[in-house]
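User: Hey, I'm new to this one and could use a walk-through. Can we start with the charged pairs and then wander a bit?

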Amino acid sequence: MDRPKLWTKNFLMICGVNFFTHLVFYSLLATVTQYVIGHFGKSQSDAGLAVGIYVIMAVVARLFAGKIVDVMGRKKILIISTVLFFLAVLAYQLATTFTLFMIVRAIHGLTFGFLMTATNAIMADVVPDERRGEGTGYYATAMNIAMATGPFIGLFMLRITTFDMFIWILVFAAFCNLLGIFLKVPAPRSKPQHTQKLTFSLSDMFEKQALPIAICMFSLALGYSSLLSFLASYTDEIGHGEVATYFFVVYAIALVLTRPITGRLFDRLGENRLTYPMLVLLVIGYFVLSQASSGWMILLASALIGIGFGTVQSNYLAIAIKESLQNRKATATSTFFILMDLAIGIGPYLYGVLLAYMSYQSMYSWTAIWFVVAIAIYYFLHGKKARARQVNTEKIV
């Protein structure tokens with residue numbers, strides 16, 4: 001029996017929008033702390049706040065964007081938010097004071113939240129259910145590659161030029177998102193219920209079925225935020241600052257090489273048999289990073305973290321969509337990213353506070369331990385249920 005076609009024009013275009021949006025996001029996430037400390041003379045906690053306000057505002061936007069997307073339409077919100085996202089990137093050139101910089105970060109975060117809510121909703125309708133794990137995996141890979149190449153571009157540019165010149169590269173990336181205007185958005189497979197008016201309730205903001213796996217994602221993203229915000233400072237401290245530039249290149253290569261395998265394994269084996277090994281790989285990766293004394297150890301950690309985090313992130317997103325009703329998949333993806341963004345938003349600030357009492361090496365050691373806790377969180381919130389469901393299915397077969 002032939003499988004439904006996955007690599008359509010719409011799927012390629014929505015993956016492109018996902019990539020360029022997150023390229024801007026992660027390029028700034030990895031460089032804003034250094035810029036705020038160096039250019040404005042602010043503390044590490046202030047730098048963490050500059051990172052966090054973007055993501056917090058994105059979370060605020062996502063709380064309402066799901067319902068707004070359903071009422072106004074995916075394509076309309078995609079176009080409006082793409083244009084505003086582009087203008088927000090241009091506005092960084094006007095941020096001559098820390099206060100203005102924070103205002104631009106807040107506005108930029110709002111546009112990001114609306115843009116990604118519309119994009120994720122379109123993706124949920126574009127990917128066939130029979131290829132949900134594989135399709136969601138490739139879609140997430142676009143984000144994962146941006147998660148890797150964005151910091152690489154940002155850190156590399158800050159070493160050879162100014163932040164203002166770096167922003168013009170991001171302006172080009174944001175302009176590429178305007179291609180999403182030409183995307184032919186398919187009609188939702190199932191019409192959302194009660195979307196005639198813009199009234200908001202908790203059920204409009206959160207999908208109950210997706211909350212358990214979204215909480216699991218929150219626990220992962222909280223630990224991962226330490227890598228995005230303070231990797232450059234850590235590698236400088238241990239005398240291997242130049243390796244940080246290549247960390248995310250190795251991360252991306254390892255992820256891309258394994259994605260075709262892991263995406264299909266998810267559909268064939270089920271979530272548990274793939275997720276647990278990847279979570280263990282993530283713990284090992286952070287442990288190696290915390291003990292790194294040479295460049296090769298840092299790059300080994302990047303490969304392990306890339307495969308582990310990248311795979312689990314896409315697994316969790318596929319689970320969030322699969323667990324939800326057909327007419328709630330857009331809300332499910334919004335719920336998932338609300339908690340993920342929230343973790344990435346508050347994480348840098350929390351780690352900035354912790355760094356006042358411990359070294360970078362100690363911080364990454366404790367983060368490795370935190371990921372062990374994240375494994376337990378997954379087991380109790382989803383893994384145990386998925387295991388029972390799989391056992392029942394095997395008995396029936």
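Analyst: Sure. First, the rule: a salt bridge here is a side-chain nitrogen of Lys or Arg within 4 Å of a carboxyl oxygen of Asp or Glu. Keep in mind that this is a predicted model.

User: Why would such side chains pair up at all?

Analyst: Side chains of opposite charge can pair when their charged atoms come close.

User: OK, and how many salt bridges does that rule give?

Analyst: The count comes to 5 salt bridges. One of them joins the side chains of D341 and R62, at 2.6 Å from N to O. D341 lies in helix α12 (residues 329-354) and R62 in helix α2, so this pair ties together parts that are 279 residues apart in sequence.

User: Is D341 buried or exposed? And what about R62?

Analyst: D341 counts as buried, because its relative accessibility is 2%. R62 counts as buried too, at 1% relative accessibility.

User: Got another pair for me?

Analyst: R159 and D236 meet in a salt bridge through their side chains, at 3.8 Å from N to O. R159 lies in helix α5 (residues 132-160) and D236 in helix α8 (residues 211-237), so parts that are 77 residues apart in sequence get tied together. R159 is partly exposed, with a relative accessible area of 48%, and D236 counts as partly exposed at 42%.

User: Which residue does E271 pair with?

Analyst: The side chain of E271 meets that of K322 in a salt bridge, 2.9 Å from N to O. The pair links distant parts of the chain, with E271 in helix α10 (residues 271-290) and K322 in helix α11 (residues 295-323), 51 residues apart. E271 counts as buried at 5% relative accessibility, whereas K322 is partly exposed, with a relative accessible area of 44%.

User: Switching topic. Which residues touch the most other members in the largest nonpolar core?

Analyst: That core has 123 residues, and the ones touching the most other members are F101, L220, Y224, L289, I305 and Y316. Helix α11 gives the most to this core, with 15 residues.

User: What does I305 touch?

Analyst: Not counting residues up to four places away in sequence, I305 touches Y224, L227, F247, Y251, L282, G285, Y286, L289 and G310. Apart from that core lies another one, of 6 residues, among them M205, A214, I338 and L339.

User: And the nonpolar stuff on the surface? Which residues make the patch?

Analyst: M72, I80, V83, L84, L87, L179, I181 and F182 make a nonpolar surface patch of about 710 Å². Helix α3 (residues 74-91) supplies the largest share of the patch, 4 residues. M72 is found in helix α2 (residues 44-72).

User: Why is M72 called partly exposed?

Analyst: Because its relative accessible area is 36%, and partly exposed covers values between the cut-offs for buried, under 20%, and exposed, over 50%.

User: What about A88, buried or exposed?

Analyst: A88 lies in helix α3 and counts as buried, at 5% relative accessibility. Leaving out residues up to four places away in sequence, A88 touches V104, H108 and T111. A88 and G109 are 21 residues apart in sequence and 9.0 Å apart in space, C-alpha to C-alpha.

User: Now helix α4. How many residues does α4 have, and how far does it reach?

Analyst: Helix α4 (residues 98-126) has 29 residues and reaches 41 Å from its first C-alpha to its last, close to the 42 Å expected at 1.5 Å a residue. Of its 29 residues, 23 are buried, so α4 is largely enclosed by the rest of the structure.

User: Last stop, the start of the chain. Where is W7?

Analyst: W7 is found in the segment before α1 (9-39). W7 counts as partly exposed at 41% relative accessibility. Leaving aside neighbours within four places in sequence, W7 is in contact with L12 and Y138.

User: And what is N18 in contact with?

Analyst: N18 sits in helix α1 and is buried, with a relative accessible area of 1%. Leaving aside neighbours within four places in sequence, N18 is in contact with M116, T119, Y139, A142 and M143. The C-alpha atoms of N18 and V373 are separated by 30 Å, and the two residues are 355 residues apart along the chain.

How values were computed
Residues are numbered from 1 along each chain as its sequence is written. This is a predicted model: local features need pLDDT of at least 70, side-chain atom pairs count only at pLDDT 80 or more; totals for chains, interfaces and linings use all residues. Side-chain values use heavy atoms; hydrogens and water are left out. Patches are made of residues with over 30% relative accessible area and no salt bridge: like charges are joined within 9 Å, nonpolar side chains (Val, Leu, Ile, Met, Phe, Trp, Tyr) within 5 Å. Accessible areas come from the Shrake-Rupley method with a 1.4 Å probe; for residues, only the protein chains shown count as cover. Helices (H or I, at least four residues) and strands (E, at least two) are DSSP runs, numbered from the N terminus. Buried means under 20% relative accessible area, exposed over 50%, partly exposed in between (1.4 Å probe, protein chains only). A nonpolar core is a set of buried Ala, Val, Leu, Ile, Met, Phe, Trp, Tyr and Cys residues joined through side-chain atoms within 4.5 Å. Contact means heavy atoms within 4.5 Å. The expected span of a helix is 1.5 Å times one less than its number of residues.
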